[in-house]
Amino acid sequence: MMLLGLPATGSWTVFLDIDGTLLDIAATPHAVRVPEGLVVTLMQLRESLDDALAFVSGRTLDDIDQLFEPMRVPVAAEHGAIVRLPDGRVEETDVTIPPAWRAALVELTKQNAGILLEEKRHSIAVHFRLAPETEPLVRETVDALVAAASDRFEVLPARMAFEIRGRNVSKAEAVRRLMQTSPFAGRRPLYIGDDITDEAAIAAARELGGVGLHVGRDFGGAPANVRSWIETLIDEDAPETPQHPTASS
C-alpha cells in the first residue's frame, strides 16, 4: 500500500490530532462522540503501520484512552505535557497551573453561565462556546492571570476557548520525542491536525522529512473527510495511491 504517492506504508508513522480532526467538534469536550467503526479502522491502520500510530491531543491521557477503548497507543496528551512512550512509560512536564489561578477561573464560571472549565494536570482550558458573548471577558481574565508569569506560561487560543499552558510544552516537541523511539524512529511522519496548536507539529513533521496536513486547508474543514481518507489507507481494494484533496507537503 502506498501513502500519498510516496514510499510504502511500512516506512511511515502517523500522528493524529483528535478534536476537529478525527472527531467532530461538540458543544462541550465531554459531548464528543466517536463514530461507529472508527476504533476498528484505527486499529487496522495501526496494524498496517506495524504499531507506528500515535494520538497527539490537548485532551488528558485518561480522556483519550476512554474515547478509543480498547486501543492503547503512544500518546502526546495535554498538547505534549504528557507523553506515553511505546513501551508504556509516561514522561511529563513538571509545570502545573497555580492553584490560585484555578480558583479564579472557577469563580469566573460561577459568575457567568455558559463558561466551562476543562481542568487538566498541566493546563486549564476555559470554554465559552455556550456563551460566545463572554469571549472578551474570558480573554481578559486569562491574560491577567498569565501576565505576571509570562516567562513560564502562555495563553493559547483554541476553538471557542482559551487555554493556559506552560511555555515548555508543544505538540511539535512531543512528535520529535516519539520519533526518537521504536517503532517511530527511522520512518517518515505524517501529521494531521486542525488547530493553531497543530501548526508547529505540522511544521515539525515536514522538517523531519514527512508530511503535515491541516483539516481546514487539506480536507475541507471536515473530520468526516479525514475519517473517510483514513479508511482508504486500509482498504485492500482501494487504489494503490489514495487520492487526497491537496496532499500538500
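How are α1 and α8 oriented to each other? In this predicted model, helix α1 (residues 38-48) packs with helix α8 (residues 223-234) at an angle of about 45°, and their axes lie 9 Å apart. Angles between 35 and 65 degrees fall outside the parallel and perpendicular classes and count as oblique, and α1 and α8 are therefore oblique to each other. Their crossing is left-handed, and the contact is made by L38, T41, L42, Q44, L45 and S48 on the α1 side, with R227, I230, E231, L233 and I234 contributed by α8.

Helix α3 (residues 99-111) has 13 residues and spans 19 Å from its first C-alpha to its last, which is close to the 18 Å expected at 1.5 Å a residue. Its buried residues are W101, R102, L105 and L108, and because these fall within an arc of 115° when α3 is seen down its axis, they line one face of the helix. That buried set packs against β8 (116-119), β9 (124-127), α4 (135-147), β10 (153-158) and β11 (161-166), whereas the face of α3 turned away from the buried side carries the exposed residues P99, A100, K110 and Q111.

The loops hold some further backbone features. A cis peptide bond with omega of about 10° joins E69 and P70, and P70 lies in the loop between α2 (61-67) and β5 (75-77). Another cis peptide bond, with omega of about 10°, joins S182 and P183, the latter found in the loop between α5 (171-178) and β12 (188-193).

In the loop between β5 and β6 (82-84) lies E78, which has a positive phi of about 50° although it is not a glycine; at 2% relative accessibility, E78 counts as buried.

Methods:
Residues are numbered from 1 along each chain as its sequence is written. This is a predicted model: local features need pLDDT of at least 70, side-chain atom pairs count only at pLDDT 80 or more; totals for chains, interfaces and linings use all residues. Side-chain values use heavy atoms; hydrogens and water are left out. Helices (H or I, at least four residues) and strands (E, at least two) are DSSP runs, numbered from the N terminus. The expected span of a helix is 1.5 Å times one less than its number of residues. Buried means under 20% relative accessible area, exposed over 50%, partly exposed in between (1.4 Å probe, protein chains only). The arc is that of the directions from the helix axis to the C-beta atoms. Contact means heavy atoms within 4.5 Å. Axes are lines fitted to C-alpha atoms, for helices over the stretch in contact, and angles run from 0 to 180 degrees between N-to-C directions. Angles under 35 degrees count as roughly parallel, over 145 as roughly antiparallel, 65 to 115 as roughly perpendicular and the rest as oblique. A crossing is left-handed if the near helix is turned anticlockwise from the far one by less than a right angle, and right-handed if clockwise.
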